[in-house]
Amino acid sequence: MSQQPLVELHGVYRSFEKERVRIPVLQDIHLNVYPNEVLCLVGESGCGKTTTGKIIASLLDASEGEVLYNGRRMAEYDRKERSLIRRQMQLVHQDPFASLNPAHTIGQILGYPLKRHKMVNGRAELRRRIWELLTLVDLTPPGDIVNKFPHQLSGGQRQRVSIARALTVNPKLIVADEAVSMVDVSIRIGILKMLHNLRDMFNLAIVFITHDLALAKYFAWEGRIAVMYLGRIVEIGRTQDIIANPAHPYTRALLSAVPEADPNLTRKKQPIPLRSDEIPRLTAIPPGCAFHPRCPFYQPGVCDVSVPRLAQAPGYAQDTACIPLTTGEQLVPYGT
Amino acid sequence: MFETVATTTGLIIGFFCGLLPLGLGIKYQQIKPGIIGFVACLLSGFACGMWGGVPMIILSTSVVVSYIYVNRQDPFTSRQSLDEVDFEESTQEYIVRQMASLGRTIRAMSRGLLRNKGGFIGFLGIMFFVVMTVFGPLVIEYEGDIQMDRRQPGATTLLQPPSWEYPLGLDWWGRDIVSHIVYGGQNLIITSIQAGVMSTLIAVTLGSLAALLGGLVDQLISALSNFILTIPQFPLLLVLASILEFDNSFMLAVLLAVLSWPALMRAVRAQVLSLKERDYVEAAITLDLGLYHIIMREIFPNMISYIAINFIFAVRAAMYAIVGLVLLGMSPLTEPDWGIMIWNSRTQGAFYSAKGITWALAPIVAIALFQLSLILFTRSLEEIFNPRLRKGL
């Protein structure tokens, strides 16, 4: 990809302070988001997916490292440009019940940004645009929706309103933070398909944050997946490569746990048992590779000494952060 | 406000204001809201002249319009597809649509008022006192001077227990207690409301500033409020009142407000701190809607019921403080006033005589009932202002 990335994260660290204890949430994140691509961030809860998403959406600053928007740091832009850049990155929240203000009607929620940024001229155009947006997110007939309050809509409908609100300012990138995890399963596919259509229609890039690898596989089949573990990216590459040939032991374990629709296939799957089910706390991240206490292919003296860096391993198309793999060794189950 | 109380001019203004909603109601066959609008205009015009009639004409007409508008073709509520809809509208259509939306809100609010029984009783109580202080003077004459001619044969004082002629009896100077109850609420209620408004304004401004700006501003405001909270309020009020020697009740309201904002300020600060972390505020930041929009449109509407409830509590506390000051003789003693009635009855020994029992009790009961109405009314406020509880519109 030779295009100019929309957002570049170079060696980004982010930590939060809680009761005078520094909690490192993100460590050494290198990530580019290109125009019109689908990038999935996958990982367990607490691994820093949402924080990464918020940094991409410029809602949070990095503690260390560089974040470039359209090739420049936010501080290099003047006020007007900054506002424009900020609007190019929109966030769709996880909880559709909390992301819409209960005091406003849907028409008002969509109208405020349109009016504020002068996206429309006059009342008639404003109303036309609101109808258009509601039609785009399949909330039809729009006339029934505009005068309703959020509490009168279902979870799926609200999530569609929240996507429509993100579209009001013509963004180039949408960060969908677990956007369908709180929506009924029967409605999820509809919303995901709609997001795909919108991406084609408006040339959007979508950063899709999820803990569900099956969902990531479905949604980002044409795009990329970044697997995160305890604040680091452990594997990143094209979805098809990762699903067909997972490199990092953590990704392998995750994939082996994904149930398949075919029961025969699921039964044939060999689950990769982890050595421990306990996720280490962020305040006490293990030395070396953070995954080594749970890794079934742990090599003492190698994995617990130095921190692995993302690199292409021989035999794999994607980048992975695993020392034995990147040095060209075979993974041997621990204890044999 | 009370200069224009209940005059014939006010009645005429109210009548002409009421003609608009009534006429609209008759023309579009919405007789009931039309008549209600007419009566509302008439009464508010009668009570406050232009200041009551003109706002009421807008409100009541909006309600009538909202009934009529339901049946009209509105591109915003139709089921047509995008190409069939004509989004152009004239200014007149726009005004009508806005009025209909205002009317719907008023209807939803009044429905919220009716939903809670206790709250509605409180509302009726408050209305009773308002009507009594505004319209009472039309019926009952105020007796300020001593009435020597009412002395009964053989009696040593003018004090009299209730009788058919004087339902609440006569006070030490032979004046009708009913007239003092009717006239005595005005000053007390207005001063309490003034104190409540000012206290709420200070608290909301400082509370939101502290929560939104944080850092040093937050620490300074919090420290100041903690400082004021630690001082015993009533003794301080007493000392200040005796030093300052008020000659008008507005200054008293200012003093009460200055001393009573910290508790509400802390509550508002906590609310804003919680509300500003909501997802929809974050969405407003990524949409770059600006700080003013975030405060006024995203945060404020969600705490308005909370502020209204606390405003009522502030009014209640101010009223107790004023009565307390009057009882101790630390406030301007201008009759008629419920507080001064208690003071007079106490100093003239009515507490110790069976004949004077109504003189002592009447103002106490009036104050207690008004306070009770306020407290009951707060129950309805949540239902009036919370859009989530508005159904069906």
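Helices here are DSSP runs of H or I that cover at least four residues, while strands are E runs of at least two. Counted that way, chain B has 14 helices and zero strands. Walk along chain B from the N terminus and you read α-α-α-α-α-α-α-α-α-α-α-α-α-α. Keep in mind as you look around that this is a predicted model.

Let's stay with chain B for a moment. Its C-alpha atoms fill a box of roughly 95 × 60 × 35 Å along the principal axes. Of its 393 residues, 40% count as buried. Take the contacts in chain B between residues at least 6 apart in sequence, and 72% of them turn out to join residues at least 24 apart. The domain assignment splits chain B into domain 1, made of 2-79 + 89-115, and domain 2, covering 137-389. Between the C-alpha centres of these two domains of chain B there are 31 Å.

How far can you trust what you see? For the model as a whole, the scores are ipTM 0.85 and pTM 0.81. Chain B has a mean pLDDT of 83, with 93% of its residues at 70 or more. Within chain B, helix H7 (residues 215-230) has the highest confidence, at 91, and helix H8 (residues 233-244) the lowest, at a mean of 82.

Now swing over to chain A, which has 12 helices and 12 strands. Its radius of gyration is 21 Å, close to the 20 Å that the globule rule gives for 336 residues, so chain A is as compact as a globular protein of that length. The C-alpha trace of chain A spans about 75 × 50 × 45 Å along its principal axes. Buried residues make up 43% of this chain A. As for its contacts with a separation of 6 or more, 64% are between residues 24 or more positions apart.

The strands of chain A are worth a tour. One open sheet has eight strands, in the order S6-S7-S8-S3-S9-S10-S12-S11, and its pairing is mixed. At the edges of this sheet stand S6 and strand S11 (311-312) of chain A, each with a single partner strand, so one side of each is left without a neighbour in the sheet. Inside the order you'll find strand S9 (residues 224-229) and strand S10 (residues 232-238) of chain A, an antiparallel pair joined over six bridges. If you want a spot to zoom in on, Tyr229(A) stands opposite Arg232(A) in S10(A).

A second open sheet in chain A has four strands, ordered S2-S1-S4-S5, with antiparallel pairing. Here the edges are strand S2 (21-33) and strand S5 (72-73) of chain A, each of which pairs on one side only. Strand S4 (residues 64-69) of chain A runs antiparallel to S5(A), with two bridges joining them. In this pair, Tyr69(A) stands opposite Arg72(A) in S5(A).

Next, a look at a helix. Helix H1 (residues 49-56) of chain A is mostly covered, with seven of its eight residues buried. Those buried residues are Lys49(A), Thr50(A), Thr51(A), Thr52(A), Gly53(A), Ile55(A) and Ile56(A). Just after H1(A), the backbone does something you can check on a Ramachandran plot: Ser58(A) takes a positive phi of about 60°.

Chain A also comes in two parts: domain 1 (7-234) and domain 2 (247-326). Their C-alpha centres lie 29 Å apart. Where these two domains of chain A meet, the contact takes 16 residues from domain 1 and 16 residues from domain 2. On the domain 1 side, S2, helix H8 (213-219), S9 and S10 of chain A each supply at least two residues. S2(A) gives the largest share of that side, five residues. By class, the residues on the domain 1 side divide into 11 nonpolar, three polar and two charged.

Finally, bring the chains together. The contact between them takes 34 residues from chain A and 28 residues from chain B. On the chain A side, helix H2 (79-88), strand S6 (89-92), helix H3 (106-116) and helix H4 (122-136) each supply at least two residues. Which element gives the largest share of the side of chain A that touches chain B? That is H4(A), with seven residues. By class, the chain A side has 16 nonpolar, nine polar and nine charged residues.

Methods:
Residues are numbered from 1 along each chain as its sequence is written. Chains are lettered from A and ligands numbered from 1 in the order in which they are written. This is a predicted model: local features need pLDDT of at least 70, side-chain atom pairs count only at pLDDT 80 or more; totals for chains, interfaces and linings use all residues. Domain bounds come from an automatic or database domain assignment. Two residues are in contact if their C-beta atoms, placed from the backbone, lie within 7 Å. Ala, Val, Leu, Ile, Met, Phe, Trp, Tyr, Cys and Pro count as nonpolar, Asp, Glu, Lys and Arg as charged, and the others, Gly among them, as polar. A residue is buried if 20 or more other C-beta atoms lie within 10 Å of its own, exposed if 12 or fewer, and partly exposed in between; C-beta atoms are placed from the backbone. pLDDT is the predictor's confidence in each residue, from 0 to 100. Two strands pair if DSSP finds at least two bridges between them. The radius of gyration is taken over C-alpha atoms; the globule rule is 2.2 Å times the number of residues to the power 0.38.
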